Amino acid sequence: MLRRLIGTCTRELLDFALPPRCSACGVIVGEVHSFCPDCWSKIAFLGSGGCETCGHPLQATEAESCAVCLARPPRIARTRSAVAYDEISRGLAIRLKYGRKVAVAKTMARFMAPLIAGGGERVLVPVPLHRSRLWWRGFNQSALVAAELSKRLDVPAAPMLLRRHRRTPPLKGMSALQRRKAVAGAFRVRDPASVKGKTIILVDDVLTTGSTAEACARALKRAGAARIELVSWARVVKPSLLMR
Ligand SMILES: [Zn+2]
Ligand SMILES: [Zn+2]
């Protein structure tokens, strides 16, 4: 505990004393928690455009919502991601996940915070890890980002509110249906009273098919949440849909 505290203080001091560096490649830049011009030009920022519900880039024939959301409105009323999943955004996600880099969480939060809409009584809830994985890694990377978003937006974060009570297999390589089945019923709300009538903003690092977030949303809705939104750092987007 003490060692961790000293570590945090030293890091904060170093952040203060050393020149800021590009969050992706490490070259010296003019601003903290930012990117150098070279990396900046390579990152595909998704912004708040796209389908007003799922955030996916729209086809020329679609107006506000995409055809998928119109046909079957998803449980998550609004999904936004800062950047497309690629080499640079994956690099940051990996450094956060395995390195507990608070500076990385701060960079992510900087680009995620403007995508979160106002209104309603809001609570930030990170997508939880199973306790065995939490014990192994020592922290939940999405909770680090939620804590930074909480500071930036002055919205409370509740990292323990949602619980992954069942271990889920790695979803990589599974079809959408297999993924849905693998995570179905894996999440529980610890204290339904603290969710009732509120807007829950799920916080995730990387969004792939969204099946994990959907399972979280299902548990939260069942516990009485009024509205579910999702904000992630990166998102897997078909390259053909990215306008560069
Ligand atoms: Zn760079
Ligand atoms: Zn949509």
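## Two zinc sites, two cores and a pocket

C22 is buried, and C39 is buried as well. The model that shows this is a predicted one. Both cysteines belong to a metal site, described next.

**The zinc sites**

Zinc ion (ligand 1) is held by four sulfur donors: C22 (SG), C25 (SG), C36 (SG) and C39 (SG), at 2.3 Å. The angles subtended by these four donor atoms run from 103 to 116 degrees, so the arrangement is tetrahedral. The cut-off for that label is that all angles lie between 85 and 135 degrees. Along the sequence the donor residues follow the spacing C-x2-C-x10-C-x2-C. C22 sits in the loop between α1 (2-17) and α2 (37-42), while C39 sits in helix α2. The two are 17 residues apart, and the pair links distant parts of the chain.

Zinc ion (ligand 2) has its own set of protein donors: C51 (SG), C54 (SG), C66 (SG) and C69 (SG), lying 2.3 Å from the ion. Angles of 106 to 118 degrees among the four donor atoms make this site tetrahedral. The spacing of the donor residues here is C-x2-C-x11-C-x2-C. C51 and C66 both lie in the loop between α2 and α3 (67-71), so the pair ties together parts that are 15 residues apart in sequence. C51 is buried, with a relative accessible area of 0%. C66 is buried too, at 8%.

The table sets out the two sites.

| Site | Donors | Donor distance | Angles | Spacing |
|---|---|---|---|---|
| Zinc ion (ligand 1) | C22, C25, C36, C39 | 2.3 Å | 103 to 116 degrees | C-x2-C-x10-C-x2-C |
| Zinc ion (ligand 2) | C51, C54, C66, C69 | 2.3 Å | 106 to 118 degrees | C-x2-C-x11-C-x2-C |

**Around the first site**

Two loop residues are worth following here. S34 lies in the loop between α1 and α2. S34 is buried, with a relative accessible area of 7%. Beyond residues up to four places away in sequence, S34 touches R21, C22, S23, W40 and R110. One of these contacts, C22, is a donor to the zinc ion (ligand 1).

H33 is in the loop between α1 and α2 as well. Its phi is positive, at about 55 degrees, although H33 is not a glycine. H33 counts as buried at 18% relative accessibility, because the cut-off for buried is under 20%.

**The nonpolar cores**

In soluble globular proteins, nonpolar side chains tend to be buried together. Here the largest nonpolar core has 34 residues. Which members touch the most others? They are F35, M108, M112, V145, L149, V203 and W233. Helices and strands both contribute: β1 (78-84), α4 (87-99), α5 (102-112), α7 (141-153), β5 (199-207) and β6 (227-235) each supply at least two residues. The largest share, six residues, comes from α5.

F35 brings the core and the first zinc site together. Leaving out residues up to four places away in sequence, F35 touches C22, S23, A24, V29, W40, I43, L92, T107, F111 and W233. Another core, of 27 residues, lies apart from the largest one. Among its members are V123, A213, A217 and A225.

**Strand β1 and the second site**

T79 is found in strand β1. T79 is buried, with a relative accessible area of 7%. Apart from neighbours within four places in sequence, T79 is in contact with T53, C54, G55, L207, L230 and R235. C54 is one of the donors to the zinc ion (ligand 2).

**The largest pocket**

How much space lies in the largest pocket? About 1,200 Å³. Of its 34 lining residues, H56, V68, T209, G210 and E214 are the closest to its centre. The elements α3, α8 (176-183), α9 (211-222) and β6 each supply at least two lining residues. α9 gives the most, with five.

**Other loop residues**

G120 lies in the loop between α5 and β2 (122-126). G120 counts as exposed, at 64% relative accessibility. G120 and G197 are 77 residues apart in sequence, yet 8.9 Å apart in space, C-alpha to C-alpha.

R100 is found in the loop between α4 and α5. Its phi is near 45 degrees, a positive value in a residue other than glycine. R100 is partly exposed, with a relative accessible area of 28%.

Technical notes. Residues numbered from 1 in each chain as written. Chains lettered and ligands numbered in written order. Predicted model: local features only at pLDDT ≥ 70, side-chain atom pairs only at ≥ 80, totals over all residues. Heavy atoms only, no water. Donors = N, O, S within 2.8 Å, 3.2 Å for Na, K, Ca; no water. Tetrahedral: all angles 85-135°; square planar, octahedral: opposite > 155°, others 65-115°. Helix = DSSP H or I, 4+ residues; strand = E, 2+ residues; numbered from the N terminus. Buried < 20%, exposed > 50% of the residue type's maximum accessible area, 1.4 Å probe, protein only. Core = buried A, V, L, I, M, F, W, Y, C linked by side-chain atoms within 4.5 Å. Contact = heavy atoms within 4.5 Å. 1 Å grid on protein atoms, 1.4 Å probe; cavity = no way out; pocket = protein on both sides within 12 Å on 5 of 7 lines; lining within 4 Å. Points joined across faces, edges and corners; volume = space filled by probe spheres on them.
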